[in-house]
Amino acid sequence: MAAEIHVFKCLDDNIGALIRDPATGACAAIDAPEEAAVVAALETTGWNLTDIIVTHSHWDHVQGLDALKARYGCRIVAPAKAADLAAKADVTVSEGDTVAIGDLEAKVWETPGHCADHVVYWFEADSLLAAGDVLFVMGCGRVFGDDFDGLWRALERIRELPDATTAICGHDYTLSNARFALKADPDNAAVKKRLQEAEQAAAEKRLFGVTTIGEEKATNPFLRATEPELAASVSLEGAPASAVFRALREWKNRG
């Protein structure tokens, strides 16, 4: 049986998500941005929280950990490199580890760049990626520090996943990202179409934090840093894709 997913809004623009194994009833929250929102999502679904899988240590992803642990007694899985979370974590994980949520299994990939301790969880059998703040709909996370190459390598790795892979992102910045994508890739018809979808979602106050790798390969300028038109948009024709990626990310920062 395939994993069940429920996404919901947390804080101002965080995407909360529950992943449930229907065979066993085990249920994991991706991060813990806000206790109240997670509790409301559990009440809506009727699911029982057994685990929290943490992608990284930024406050807007972990501030609900203590309260949710106290309420549900759930297991907290956190990146081994997130030293600030060591006292909260029941299990710490690194590259190559496997996390089980009931009968669901996720492989852990270390994906630094946004921050040094970031990981993603790849549920291969379910074609599902818990992407945290590495990948957004038509965007990617900021680089806190200077590890642009690290974030580019993480995105390259994610880009190799099957096109049908569903990615749950950590934030809904979709409208802003779509507008930037059109600036960087103005002749891309798929970008124009997704911008219209983002505008409609924003007008209807609908979350837009779930995507597929295929859709991102077609419309996300950061995943498309290998394409000549994106290199041209930052006047780096013939440059390595990593340099194009950095120039695009710095351009987005300024906008």
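**Figure 1. Y173 and its aromatic partner in the predicted model.** In this predicted model, Y173 is partly exposed, with a relative accessible area of 32%. The structure holds five aromatic pairs. In one of these pairs, F136 and Y173 meet edge-to-face, with 5.1 Å from centre to centre and 85° between the planes. The pair joins distant parts of the chain: F136 belongs to strand β11 (residues 135-136), whereas Y173 lies in the loop between β13 (166-169) and α5 (174-184), 37 residues apart. Unlike the partly exposed Y173, F136 counts as buried, because its relative accessibility is 3% and the limit for a buried residue is under 20%.

**Figure 2. Further aromatic side chains.** Which residues are linked into a cluster by ring pairs? They are W152, F180, F222, F245 and W251. A separate view shows a charged group and a ring: the charged end of R157 sits over the ring of W109, at 4.1 Å from the ring centre.

**Figure 3. The packing of α5 against α6.** The axes of α5 and helix α6 (residues 189-203) come within 9 Å of each other and cross at roughly 155°. Because of this angle, α5 is roughly antiparallel to α6, the cut-off for that description being over 145 degrees. The crossing of the two helices, α5 and α6, is left-handed. On the α5 side, the contact is made by T174, L175, A178, R179, A181 and L182. On the α6 side, V191, K192, L195, A198, E199 and A202 take part. A general property of helices helps in reading such lists: an α-helix has 3.6 residues a turn, so residues three or four places apart point the same way.

**Figure 4. Helix α1 and its surroundings.** Within helix α1 (residues 35-45), the residues A37, V38, V39, A41 and L42 are buried. Which elements are included in what covers these buried residues of α1? Among them are β1, β2, β3 (27-30) and α3 (65-72). After α1 comes G46, which has a positive phi, near 80°.

**Figure 5. The packing of α1 against α3.** The axes of α1 and α3 are 9 Å apart, and the two helices pack at an angle of about 40°. At this angle α1 is therefore oblique to α3. The residues of α1 that meet α3 are E35, V38, V39 and L42. Their counterparts in α3 are A67, L68, R71 and Y72. Three of these α1 names, V38, V39 and L42, also appear among the buried residues of the helix.

**Figure 6. Positive phi at L11 and S127.** L11 is not a glycine, and yet L11 has a positive phi of about 50°. This residue, L11, is found in the loop between β1 (4-10) and β2 (14-20). With a relative accessible area of 28%, L11 is partly exposed. S127 likewise has a positive phi of about 50° although S127 is not a glycine. Where is S127 found? S127 lies in the loop between β9 (119-123) and β10 (128-132). The relative accessible area of S127 is 29%, and S127 is therefore partly exposed.

**Figure 7. P228 in helix α8.** P228 is found in helix α8 (residues 228-233). Is P228 buried or exposed? P228 is exposed, because its relative accessible area is 57% and the limit for an exposed residue is over 50%. The view also includes T174, which is 54 residues from P228 along the chain. The C-alpha atoms of P228 and T174 are separated by 24 Å.

Definitions and conventions: Residues numbered from 1 in each chain as written. Predicted model: local features only at pLDDT ≥ 70, side-chain atom pairs only at ≥ 80, totals over all residues. Heavy atoms only, no water. Helix = DSSP H or I, 4+ residues; strand = E, 2+ residues; numbered from the N terminus. Buried < 20%, exposed > 50% of the residue type's maximum accessible area, 1.4 Å probe, protein only. Phe/Tyr/Trp six-rings, centres within 6.5 Å; stacked < 30°, edge-to-face > 60°. Lys NZ or Arg CZ within 6 Å of the ring centre and 35° of its normal. Axes fitted to C-alpha atoms, helices over the stretch in contact; angles between N-to-C directions. Parallel < 35°, antiparallel > 145°, perpendicular 65-115°, else oblique. Left-handed = near helix turned anticlockwise from the far one by under 90°. Contact = heavy atoms within 4.5 Å.
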